[in-house]
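Reader: I am a first-year student, and I would like a close look at one part of this protein. Please pick one helix, then show me what lies around it in the rest of the chain.

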Amino acid sequence: MDLANKLFKGDRVIWIIFMFLCLISVVEVFSATSTIAYKNANHWAPIVRHASFLTGGFVLILLLHNIPCRFFSALILLLPVSILMLFVTPFIGISENDAHRWLSLFGVQFQPSEFAKLACIVFVSFMMSRRGKFTEDQIFKYVLIGVSATCVLILPENFSTAFMLFGVCFLMMCIGQLPLKKMGILTGSLVVALTLFILALTLTPTEVLRYVPRGVTWKERIKEFRNKERTVDPGTYKITDDNFQVSHAKIAIARGGVFGKMPGHGQQRDFLPQAYSDFIYAIIIEELGYVGGVVVLLLYIMLLVRAGMIARKCDKLFPKFLVLGCGLLIVVQALANMAVAVNLIPVTGQPLPLISRGGTSTVITCIYFGIILSVSRFGAGMGNEEDIIIDDGEPTAEEWTGESALEAIEDLEDIPVEEESAIA
């Protein structure tokens with residue numbers, strides 16, 4: 001027990017959520033990668049690879065949650081590096097599923113967009129915490145420029161990631177109470193831009209969209225989503241190349257029932273091309289039932305709630321925004337993956353954080369957990385009674401809202417005149 005207390009510091013609830021997600025991930029990825037294992041000479045290779053990334057991520061969490069959260073502000077240096085990597089990816093990147101999303105460095109493949117997401121969260125948190133050095137208008141301008149530049153570079157090859165990242169940063173700006181007028185103008189501009197984008201995709205001929213990166217793919221996904229109930233004859237549903245993934249995801253969910261078929265007994269894993277990644281939530285429901293699907297959903301909701309509780313206990317603004325940003329990014333991505341699996345939104349290609357099989361995404365998600373645990377220790381003082389929180393000169397939440405100053409004025413107003421003169 002003493003060893004566990006020494007190793008697993010910070011918020012215990014976050015640790016429990018992380019362990020449960022890892023357990024579900026190992027079981028379901030092992031089941032869903034049966035088609036890959038069948039084609040591989042070593043049947044254990046797919047799950048060993050995934051377990052290796054989870055183990056590496058766990059080691060990263062152990063390291064990161066021992067680093068005071070104020071040092072994570074140095075990660076803003078990752079933003080220009082990420083922008084540079086995103087800029088060169090379409091030209092020298094590795095193509096997979098008709099998209100250039102990967103770079104290879106010294107034989108190691110990774111997704112620059114994952115590093116860009118982390119950099120943006122840290123950048124927004126850092127800028128929002130510098131209200132004493134910048135005006136709110138300056139913060140709004142700098143945040144908008146940095147996040148927009150990053151999302152524009154991600155957009156051509158990965159629309160869903162760019163949309164999700166901008167949405168999370170926008171939520172952080174709302175939480176930070178940036179000027180209401182500017183936020184309203186930004187919201188209206190985004191709605192108009194998204195509407196025009198969808199109309200342009202719908203009305204532009206397919207022959208023209210072939211010259212636009214991922215243009216045809218976006219159009220087909222929107223078209224298929226709008227025609228969910230396409231049938232040949234009444235009572236007949238036809239599975240085509242366009243609705244192949246969504247149809248088998250629906251079959252998996254329908255077969256799951258309340259308690260599922262149990263791990264290893266799912267059938268749709270043999271039909272879904274991305275059963276271990278984009279559509280793993282459908283496989284979870286097929287094998288663990290609606291109960292398992294609800295449990296996974298609740299784990300992510302609990303993570304977001306816990307991140308909010310940690311943020312409320314933070315005295316400094318930087319860790320407050322940082323833990324909220326990390327929690328929001330993980331949960332929003334998880335909800336997007338689940339919504340695709342149950343056909344609530346068009347196919348996006350977003351993996352289920354920490355559960356889907358992956359390399360870069362798994363490691364970066366573990367970094368988010370490490371940051372959240374570090375903030376819970378050094379920012380909120382949870383699970384680290386022996387640690388001392390060092391004042392780094394950053395304004396506290398009370399100083400930001402002016403509550404301490406107002407209380408001091410009220411105290412002075414309550415002092416009688418004779419006592420005031422004596423004090424003077």
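Author: Helix α2 covers residues 12–32, which is 21 residues. In this predicted model, α2 reaches 30 Å from its first C-alpha to its last. That is close to the 30 Å expected at 1.5 Å a residue.

Now look at which side chains of α2 are covered. The buried residues begin with Ile14, Trp15, Ile17 and Phe18. Leu21, Cys22, Ile24 and Ser25 are buried too. Glu28, Val29, Ser31 and Ala32 complete the list. Here "buried" means under 20% relative accessible area. An α-helix has 3.6 residues a turn, so residues three or four places apart point the same way. Keep that in mind as you trace the buried positions, including Ile14, Phe18, Leu21 and Ser25. Glu28 is on the buried list as well, and it belongs to the charged class.

Next, set α2 in the whole chain. The protein chain has 18 helices and three strands. Of its 424 residues, 46% are buried. Take the contacts with a separation of 6 or more: residues 24 or more positions apart account for 70% of them. The chain exposes about 21200 Å². Carbon and sulfur atoms supply 67% of that area.

Then come the enclosed spaces. A search of the whole structure finds two cavities of 30 Å³ or more. The largest has a volume of about 100 Å³. Four elements each supply at least two residues of its lining: α5 (78–92), β2 (99–105), α6 (112–128) and α7 (136–154). The largest share, three residues, comes from α5. Leu86, Thr89 and Pro90 are among the lining residues. So are His100 and Arg101, along with Pro112 and Ser113. Leu153 and Ile154 also line this cavity. By class, its lining has five nonpolar, five polar and two charged residues.

The second largest cavity has a volume of about 40 Å³. Helices α6, α14 (317–341) and α15 (360–379) each supply at least two residues of its lining. Glu114 and Lys117 line it, as do Leu329, Ile330 and Gln333. Pro353, Ser361, Thr365 and Tyr368 are lining residues too. This lining divides into four nonpolar, three polar and two charged residues. Notice α6: it supplies at least two residues to the lining of the largest cavity, and at least two to that of the second largest.

Technical notes: Residues numbered from 1 in each chain as written. Predicted model: local features only at pLDDT ≥ 70, side-chain atom pairs only at ≥ 80, totals over all residues. Heavy atoms only, no water. Buried < 20%, exposed > 50% of the residue type's maximum accessible area, 1.4 Å probe, protein only. Contact = heavy atoms within 4.5 Å. Areas by Shrake-Rupley, 256 points an atom, 1.4 Å probe, with all protein chains shown as cover. 1 Å grid on protein atoms, 1.4 Å probe; cavity = no way out; pocket = protein on both sides within 12 Å on 5 of 7 lines; lining within 4 Å. Points joined across faces, edges and corners; volume = space filled by probe spheres on them. Expected span 1.5 Å × (residues − 1).
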